[in-house]
Amino acid sequence: WLITSSENQEFHERYKEVVLGMSESLVVSLLGAPNKRSSEFYLGQREGFEGAYKRAAESEATHYLIWNRKADLVYAIGFNEAGNVSIVESGGT
């Protein structure tokens, strides 16, 4: 499945609209279906993104939706027990 540069740019612009407290259903309607749902925080790599992993560990997130864009860019959004955004991070190799 090939994602074009313009599709990546459009996704990134919509991603920047995600704010803390936003509902999970609103995030999915804005960004589309995620590639993965996980109980663990994940970016393309840990090295260089230690701050993001620390923020995720300190957040109230109980689960994460993960979108993979390009070969090496990951967008992760964490949600609390109420189903609202508690952390928004992106990164990769």
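## Exercises: helix H2 and the aromatic pairs

In helix H2 (residues 24-31), the residues Glu24, Val27, Leu30 and Leu31 are buried. Buried means under 20% relative accessible area, exposed over 50%, and partly exposed in between (1.4 Å probe, protein chains only). Helices (H or I, at least four residues) and strands (E, at least two) are DSSP runs, numbered from the N terminus. The model is predicted: local features need pLDDT of at least 70, side-chain atom pairs count only at pLDDT 80 or more, and totals for chains, interfaces and linings use all residues. Residues are numbered from 1 along each chain as its sequence is written, and side-chain values use heavy atoms, with hydrogens and water left out.

**Exercise 1.** Work out why the buried residues of H2 lie on the same side of the helix.

*Solution.*
- Start with the general rule: an α-helix has 3.6 residues a turn, so residues three or four places apart point the same way.
- Now take the arc, which is that of the directions from the helix axis to the C-beta atoms. The buried residues of H2 cover an arc of only 125° around the axis, so they sit on the same side of H2.
- Turn to the face away from the buried side. It carries the exposed residues Ser25 and Ser29.
- Find the partners. The buried residues of H2 pack against H1, E1, E2, E3 and strand E4 (85-92), where contact means heavy atoms within 4.5 Å.
- Move past the helix. Gly32 follows H2, and its phi is positive, near 90°.

**Exercise 2.** Classify the ring pair Tyr15 and Tyr75, and place both residues in the chain.

*Solution.*
- Recall the rule: rings of Phe, Tyr and Trp (its six-membered ring) pair if their centres lie within 6.5 Å; planes under 30 degrees apart count as stacked, over 60 as edge-to-face and the rest as tilted.
- The structure holds 5 aromatic pairs.
- In this one, the ring centres of Tyr15 and Tyr75 are 4.4 Å apart and the planes stand at 65°, so the pair is edge-to-face.
- Tyr15 is in helix H1 (residues 5-15) and Tyr75 in strand E3 (residues 73-79), 60 residues apart.
- Both Tyr15 and Tyr75 are buried.
- Tyr15 and Tyr75 form one aromatic cluster with Phe11 and Trp67.

**Exercise 3.** Which residue lies over the face of Phe11?

*Solution.*
- Apply the test: NZ of Lys or CZ of Arg must be within 6 Å of the ring centre and within 35 degrees of the ring normal.
- Arg69 lies over the face of Phe11, at 4.5 Å from the ring centre.
- Lys36 lies over the face of Tyr42, at 5.5 Å from the ring centre.
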